[in-house]
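The following exercises ask the reader to work from a protein model to a reasoned description of its architecture. Each task is followed by a solution that proceeds step by step.

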Amino acid sequence: MNEIVKQINDRYPCRESVVRRLYQLYGDGDPFPPAVYFYGHTSTGKSAILREFLARLPDTKYALLNAIECYTNKILFEGILNRLVGHVPCASNGYASMATVDSMKEFVKQLQKLEDGYGYVIVLENAERIRDMEHNVLPMLLRLPEVTGLNISVLLVSDLPFEKYYVRTGFSPVVKIFAPEYTKKEIMAIMMNDYCRVRDQIKADVENPKKDTSEEVIEKQLKVLDNLSKDFYENYLNIFLNVFFKVCRDLKELQLVSFECFQKYCEPVLEGTIGPDEVTKLWRHISKTMKLALGTIYMRMGNVNQDLLKPVDAAAPESVEHVQTMKRLAQNLELPFYAKYLLIAAYLASHNAAKEDKRLFMKNHGKQKKRLQTVNAKAKVSEKMATQLGPKSFTIDRLLAIFYAILDDKVGLTCNLLAQISTLIHLKFLVFASGEGSMIEGNARLQCTVGMDFIMHIGKMVGFNVRQYLCDFF
């Protein structure tokens with residue numbers, strides 16, 4: 001046990017407790033549990049750990065499917081059987097499945113024909129999609145050992161808690177495993193494991209420059225790169241996570257943006273203008289790049305990050321380039337009209353204190369006395385402005401209240417409007433701060449991830465002055 005746990009933990013650190021729990025259920029030689037529900041936030045290593053773990057189990061065959069692809073019962077059942085027996089539809093067999101299965105009854109019959117003496121595990125990712133299938137699919141999947149007589153287990157993988165499935169009582173008990181979000185310290189440890197890969201990628205870029213560079217310069221840069229230690233990369237990650245961790249917890253996204261910013265971070269070191277131990281100068285050099293990347297994180301609109309990291313043209317001020325980049329992004333973003341207003345409302349909710357809402361959005365809010373304490377509080381330095389400190393969380397009720405306050409049209413609270421909030425969450429313009437999965441109940445708290453320059457251009461597209469409703473500017 002310890003060997004398998006160690007091997008997987010070396011490859012995917014900070015998940016030892018989850019791997020140990022999986023081993024207790026599947027690796028001790030006991031019969032498999034009928035059903036296991038493995039859930040947690042996106043990008044917490046669920047799928048990667050399962051693939052690595054199941055591949056190491058002796059005398060075990062497994063089928064890995066994504067429920068999004070299985071939009072009919074036939075595709076689901078035949079996909080499971082094909083993977084369990086190792087059958088691959090291809091040109092030689094006419095792309096035919098192992099067996100034609102149209103119903104749950106036929107599926108159970110085919111499972112009963114499998115070899116005894118093996119353990120079978122069926123892994124269904126995005127398992128919440130099974131709720132949309134016929135009513136008997138999920139209940140039968142939870143009791144396959146009983147109806148087949150095999151040592152078989154269904155492992156459901158999802159982002160939602162199991163309570164959202166509304167399963168009736170009387171079925172086999174479901175064992176639940178929770179994969180918590182990575183902490184800042186854990187993300188740091190995982191990203192430090194990428195050091196060799198990142199350094200090799202930087203080295204490859206240096207050896208194959210996009211512009212004409214002399215052999216002498218390349219050789220000099222490679223020598224500097226070879227002398228860079230892990231401490232240099234660790235210092236960079238500390239800076240990077242201090243900026244990005246509050247807005248983004250998605251490990252894959254952090255790894256992607258981190259590498260793109262690290263290329264810019266290394267430039268003055270490779271050129272010899274800044275020493276690798278001059279952290280303050282390196283921070284000043286990278287801060288503007290990180291600010292630009294922070295405003296467009298999660299966006300997949302062409303090569304946006306590459307555009308952000310282009311060197312600034314000497315003929316054009318950096319601020320002009322920044323504005324043009326944000327304008328281009330806003331124009332290319334095809335959001336519905338009300339979704340744009342919802343995004344603006346979310347930005348205002350994230351960067352204004354809730355106590356200021358009445359004064360900002362109500363016409364007859366009364367007069368505000370100018371006290372010395374209030375005047376001093378508004379004399380803010382840039383670092384203490386709400387728009388610089390990062391987004392704060394807000395409730396769905398507050399978002400909708402601001403949305404209706406800034407929108408001139410009278411529109412009802414329809415399913416279409418709520419779907420547009422879900423779309424903004426799917427696009428990662430809004431992220432859950434807490435209460436994920438309880439949006440309808442009103443318990444969820446969200447944060448807005450877009451930057452100020454971007455939201456300013458969204459406001460111009462709908463004729464709305466965003467600055468007029470930000471406490472930092474009056």
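The exercises below concern a predicted model and go from the whole chain to sheets, helix pairs and one residue.

**Exercise 1. The chain as a whole**

Task: State how many helices and strands the protein chain has, what share of its residues is buried, and what share of its contacts with a separation of 6 or more joins residues 24 or more positions apart.

Solution.
1. The secondary structure of the protein chain consists of 22 helices and 8 strands.
2. Of the 474 residues in the chain, 46% are buried.
3. Among contacts with a separation of 6 or more, 73% come from residues 24 or more positions apart.

**Exercise 2. The sheet of 5 strands**

Task: Give the strand order of the open sheet of 5 strands, identify its edge strands, and describe how β2 pairs with β3 and how β1 pairs with β5.

Solution.
1. The order is β2-β3-β4-β1-β5, and the pairing is parallel.
2. The edges are formed by β2 and β5 (174-179), each of which pairs on one side only.
3. From one strand to the next, the twist averages 20°.
4. At one edge, β2 pairs with strand β3 (residues 119-125) in the parallel sense through 7 bridges; within β3, V123 stands opposite L64.
5. At the other edge, strand β1 (residues 35-40) runs parallel to β5 and is joined to it by 6 bridges. Here Y39 has F178 of β5 opposite it.
6. Strand β2 (residues 60-66) is an edge strand, yet it is mostly covered, with 5 of its 7 residues buried.
7. Helix α4 (residues 73-85) lies across β2 and β3, and runs at about 145° to β2.

**Exercise 3. The sheet of 3 strands**

Task: Determine the order and the sense of pairing in the open sheet of 3 strands, and name a residue pair that stands opposite between β7 and β8.

Solution.
1. The strands follow the order β6-β8-β7 with antiparallel pairing.
2. The edge strands, each pairing on one side only, are β6 (394-395) and β7 (430-434).
3. Strand β8 (residues 445-448) pairs with β7 in the antiparallel sense over 4 bridges.
4. In this pairing, L430 stands opposite C448 in β8.

**Exercise 4. The helix pair α11 and α13**

Task: Classify the relative orientation of α11 and α13, then describe the residues through which the two helices meet.

Solution.
1. The axes of helix α11 (residues 230-244) and helix α13 (residues 279-295) come within 11 Å and cross at roughly 40°.
2. An angle of that size lies between 35 and 65 degrees, so α11 and α13 are classed as oblique to each other.
3. The crossing in which α11 passes α13 is right-handed.
4. From α11, the contact includes F232, Y236, F240 and F244; from α13, it includes L282, W283 and M290.
5. Divided by class, this contact of α11 with α13 has 12 nonpolar residues, 1 polar and no charged.

**Exercise 5. The helix pair α16 and α22**

Task: What are the angle and axis distance between α16 and α22, and why is α22 described as largely enclosed?

Solution.
1. Helix α16 (residues 337-351) packs against helix α22 (residues 452-462) at an angle of about 140°, the axes being 10 Å apart.
2. This angle makes α16 oblique to α22.
3. The handedness of the crossing of α16 and α22 is left-handed.
4. In α16 the contact residues include K340, Y341 and Y347; among those in α22 are F454, I458 and M461.
5. This contact of α16 with α22 comprises 11 nonpolar residues, 1 polar and 1 charged.
6. Because 8 of the 11 residues of α22 are buried, α22 is largely enclosed by the rest of the structure.
7. The buried residues of α22 include M456 and H457.
8. Just after α22, G463 takes a positive phi of about 75°.

**Exercise 6. The setting of Q110**

Task: Is Q110 buried or exposed, and which residues beyond its neighbours within four places in sequence does Q110 contact?

Solution.
1. Q110 is located in helix α5 (residues 104-112).
2. The relative accessible area of Q110 is 12%. Since the cut-off for burial is under 20%, Q110 counts as buried.
3. With neighbours within four places in sequence left aside, Q110 is in contact with L81, M98, A99 and V101.

Terms used: Residues numbered from 1 in each chain as written. Predicted model: local features only at pLDDT ≥ 70, side-chain atom pairs only at ≥ 80, totals over all residues. Heavy atoms only, no water. Buried < 20%, exposed > 50% of the residue type's maximum accessible area, 1.4 Å probe, protein only. Contact = heavy atoms within 4.5 Å. Pairing = 2+ DSSP bridges. Axes fitted to C-alpha atoms, helices over the stretch in contact; angles between N-to-C directions. Parallel < 35°, antiparallel > 145°, perpendicular 65-115°, else oblique. Left-handed = near helix turned anticlockwise from the far one by under 90°. Nonpolar A, V, L, I, M, F, W, Y, C, P; charged D, E, K, R; others polar.
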